[in-house]
Amino acid sequence: MPIPEDVTGDEIDKDVRQELQSLPKTLAEDVAKNLVMVARLIDEDPEGAYGYSRVALRLASRVAAVREAAGFAAYANQKYGEALAEFRAARRMTGTVELWPVMADCERGLGRPEKALDMAGAPEVQKLDKAGQVEMRLVAAGARRDMGQLDAAIVTLQSPELASSSVQPWTARLRYAYADALLAAGREREAREWFAKAVEADRDGSTDASDRLAELDGVEFVDALDETRDDEGEAAVEDGSDSGRDSDGDGDRD
C-alpha cells in the first residue's frame, strides 16, 4: 500500500522504535511507516488502517508492537476473533496485562459476555493501572447489559472514579456509560443528570453526551443545509420556476 511522502516512520513512539531495532534497518523503516499509517487512519478510516496493519504484520509478525497494532486495527473493523488472536499474541510476547480489558471486550464482540465477566474477576485486573481498571469496569458493565442485567450494569459502574469530581481521561466515558445504563433502565431523570456531568468532563468531544442530553430535553436539531434548500425550493415555487417539484408542491423526494 502506498505511503504518503510526509510519513518518515520517525513519528512512532520511542518504545515501538526500540522494538523495531531487532529488524534490519530498511525493514524497520518500512514497518514503522506502516504503523504510523495505522495510527493515523484508525479513527477516520478503519479499513485503511487495517490494510496497513496487514502489511506490517506480513513484514514483522514477531514484533509485539506490530501484533498489537494489528489487533487494534482488526478491533476497529469489528473483526473481534482476529483482534483477540493478535492481542493474545502480543501479550505472550510482552507478558504485560494492559491489553486485558480490550481482550475482554473482544469476547463481548464474539457474543461471549460471560467470558468477559470471568476476565473482569481475574487476578490480572489487579495488575492494571487506574485507567485500565476503569476500562475493565466499562467492559464488565457492557457485558451485564449484553445479558439483560441492567441493574447489575448500573451497580458495576458505581465506583470511586464515578463519584470523583476531578476530571481524568476516562471520566467522560465513565459518566456517559452510567447515564446510558440509567436511561436503559428507565431512570430518565438520573440519566439526564449524568449526561450533563459527562458533558462537563468531555473536553475533547469523545462522546455524544451533548446530543443525548439535548434529546432528553426535547431539542430537535435541523440541518442548516437542508433548511436552506427548503427555503430555496419554496421561493422557486412561489415564482413558478421550479417545474421539477411534486405537483402538490411539498418537495418530497422519496
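Reader: How many residues of each class, nonpolar, polar and charged, are in the lining of the second largest pocket, and what makes a residue count as one or another?

Author: In this predicted model, where residues are numbered from 1 along each chain as its sequence is written, local features need pLDDT of at least 70 and side-chain atom pairs count only at pLDDT 80 or more, while totals for chains, interfaces and linings use all residues. Side-chain values use heavy atoms, with hydrogens and water left out. Ala, Val, Leu, Ile, Met, Phe, Trp, Tyr, Cys and Pro count as nonpolar, Asp, Glu, Lys and Arg as charged, and the others, Gly among them, as polar; by these classes the lining of the second largest pocket has 13 nonpolar, two polar and five charged residues.

Reader: What makes a set of points a pocket, and what makes a residue part of the lining?

Author: On a 1 Å grid over the protein atoms alone, a pocket is an open set of points with protein on both sides within 12 Å along at least five of seven lines, whereas a cavity is a set where a 1.4 Å probe fits but cannot get out; lining residues have an atom within 4 Å of a point. The second largest pocket is lined by 20 residues, and Val-16, Leu-35, Ala-65, Glu-68 and Ala-69 lie nearest its centre. The elements that give two or more residues to that lining are α1 (14-20), α2, α4 and α5 (80-94), and the largest share, five residues, comes from α4.

Reader: Why is Lys-25 called exposed?

Author: Exposed means over 50% relative accessible area, buried under 20% and partly exposed in between, with a 1.4 Å probe and protein chains only; Lys-25 has 63% relative accessibility and therefore counts as exposed.

Reader: How do you know that the side chain of Lys-25 makes a polar contact with the side chain of Glu-29?

Author: A polar contact is a pair of N or O atoms within 3.5 Å, where within protein one must be able to donate a hydrogen and the other to accept it, and residues adjacent in sequence count only if both atoms are side-chain atoms. The side chains of Lys-25 and Glu-29 make such a contact at 2.6 Å.

Reader: What makes a stretch of the chain a helix, and in which helix does Lys-25 lie?

Author: Helices are DSSP runs of H or I with at least four residues, and strands are runs of E with at least two, numbered from the N terminus. Lys-25 lies in helix α2, residues 25-41, and the chain has 14 helices and zero strands.
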